[in-house]
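Visitor: I am new to looking at protein models, and I would love a close look at one part. Could you take me slowly through the surroundings of the ligand, and then show me a little of the rest?

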Amino acid sequence: MTSIPAGDTGEGDENAWRLPRLDEIEGGPPIRIDTTVPHTARIYDYLLGGKNNFAVDRAAADAIVATIPDLAVTLRLNRLFLRRAVRYAARRGIRQFLDIGTGIPTSGNTHEVAHEIAPDARVAYVDNDPIVLVHGRALMTDANPGRTTFTRADLRTPEDILSAPEVLEVIDFDRPVALMLVAILHFIRDDEKPHEIVARLRDALPSGSMLLLSHASFDANPNQGRKGAEGWKNASAEMTMRPHDEIRTMFAGFDLVEPGLRTHWNPDGEPGHPLDEVENVWGYGAVGIKP
Ligand SMILES: C[S@@+](CC[C@H](N)C(=O)[O-])C[C@H]1O[C@@H](n2cnc3c(N)ncnc32)[C@H](O)[C@@H]1O
């Protein structure tokens with residue numbers, strides 16, 4: 001196995017700014033990152049135009065895009081959903097964001113979008129991926145001491161998230177919270193009970209809290225989608241694509257905000273974005289409010 005320390009860029013540029021190694025942040029033995037296996041967060045980063053990826057991730061992404069050429073457009077549309085949903089929540093007074101499945105930092109991170117409207121907004125980022133952790137801690141948390149934290153935890157064990165000291169440092173569960181599950185639940189298999197996970201997190205939130213959720217789907221073209229999914233086979237996480245009506249049931253206990261679960265979501269009528277015109281979208285997004 002070829003592997004490099006988690007803090008290395010892997011590109012051989014000795015002058016490159018060096019991220020701290022994960023063991024330097026968390027202590028314990030060095031954690032090594034396998035660069036021979038394509039990796040979900042790095043594939044996503046590459047498709048969004050980021051630089052935190054390796055040849056094996058780019059090859060996997062290119063294989064998927066060969067079958068689903070418009071996939072990268074859907075990912076950008078997902079980022080547009082994230083920005084609009086964060087603005088929607090911030091405009092309605094939400095000041096706490098629990099962003100689970102953060103991804104490698106890119107432009108328009110949750111705290112940046114929220115702070116445009118509410119500079120006092122607090123964000124707890126959570127991801128189970130060591131690569132995301134090193135980038136997230138270095139680029140998002142350090143610049144916003146006291147207002148953003150980063151926790152390494154797994155969505156499949158929601159109790160760990162709800163009791164994590166870094167989460168409790170910025171989130172007060174007695175006041176409304178925006179629970180963000182943006183492009184993550186398709187990494188939770190049916191037998192891992194995604195609905196129960198969402199319900200457990202929902203039950204920890206007070207009235208007035210919001211669920212900001214997007215999820216991948218093959219509804220646009222199931223046959224083409226299944227062929228494209230072959231490209232994910234070797235990636236570090238398998239995906240469970242779900243149809244519209246099943247994703248809708250993940251909002252149980254929340255009132256869906258108009259226009260409901262959509263491929264294109266723009267409830268505040270923000271000025272047209274070129275992505276608003278795209279067809280063949282591989283997923284949906286929506287916001288719900290806990291009564
Ligand atoms: C496709 S990215 C989405 C990033 C961001 N939310 C967005 O929509 O742009 C999915 C992220 O979820 C994380 N993830 C996947 N499964 C997870 C789990 N079980 N617990 C915590 N994070 C997970 C991955 O590491 C990755 O960073």
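Guide: Happily! An oxygen atom of the ligand is 3.3 Å from a polar backbone atom of Gly103, and that pair is a polar contact, meaning a pair of N or O atoms within 3.5 Å; within protein, one must be able to donate a hydrogen and the other to accept it, and residues adjacent in sequence count only if both atoms are side-chain atoms. Arg79 brings a polar side-chain atom to 2.7 Å from a ligand oxygen atom, while a polar backbone atom of Val182 lies 2.8 Å from a ligand nitrogen atom. Taken alone, the ligand exposes 600 Å², and the protein buries 96% of that (areas by the Shrake-Rupley method with a 1.4 Å probe; for residues, only the protein chains shown count as cover).

Before we go on, a word on the model: it is predicted, local features need pLDDT of at least 70, side-chain atom pairs count only at pLDDT 80 or more, and totals for chains, interfaces and linings use all residues. Residues are numbered from 1 along each chain as its sequence is written, and side-chain values use heavy atoms, with hydrogens and water left out.

Around the ligand there are 20 residues, of which Tyr44, Arg79, Gly101, Asp127 and Val182 come nearest (a residue is near if one of its heavy atoms lies within 4 Å). This shell divides into 10 nonpolar, 5 polar and 5 charged residues; here Ala, Val, Leu, Ile, Met, Phe, Trp, Tyr, Cys and Pro count as nonpolar, Asp, Glu, Lys and Arg as charged, and the others, Gly among them, as polar. Helix H2 (40-47) and helix H4 (71-91) each supply at least two of the shell residues. Helices (H or I, at least four residues) and strands (E, at least two) are DSSP runs, numbered from the N terminus.

Now to another helix, H6 (residues 130-141), where 11 of the 12 residues are buried (under 20% relative accessible area; exposed is over 50%, partly exposed in between, with a 1.4 Å probe and protein chains only). Among the buried ones are Pro130, His135 and Arg137. Asp129 caps the N-terminal end of H6, with a side-chain oxygen 2.7 Å from the backbone nitrogen of Ile131.

Our last stop is His215, in strand E7 (residues 210-216). His215 counts as buried because its relative accessibility is 2%. Its side chain makes a polar contact with the side chain of Arg242, at 3.1 Å. Leaving aside neighbours within four places in sequence, His215 is in contact with residues including Leu185, Met250 and Tyr284 (contact means heavy atoms within 4.5 Å).
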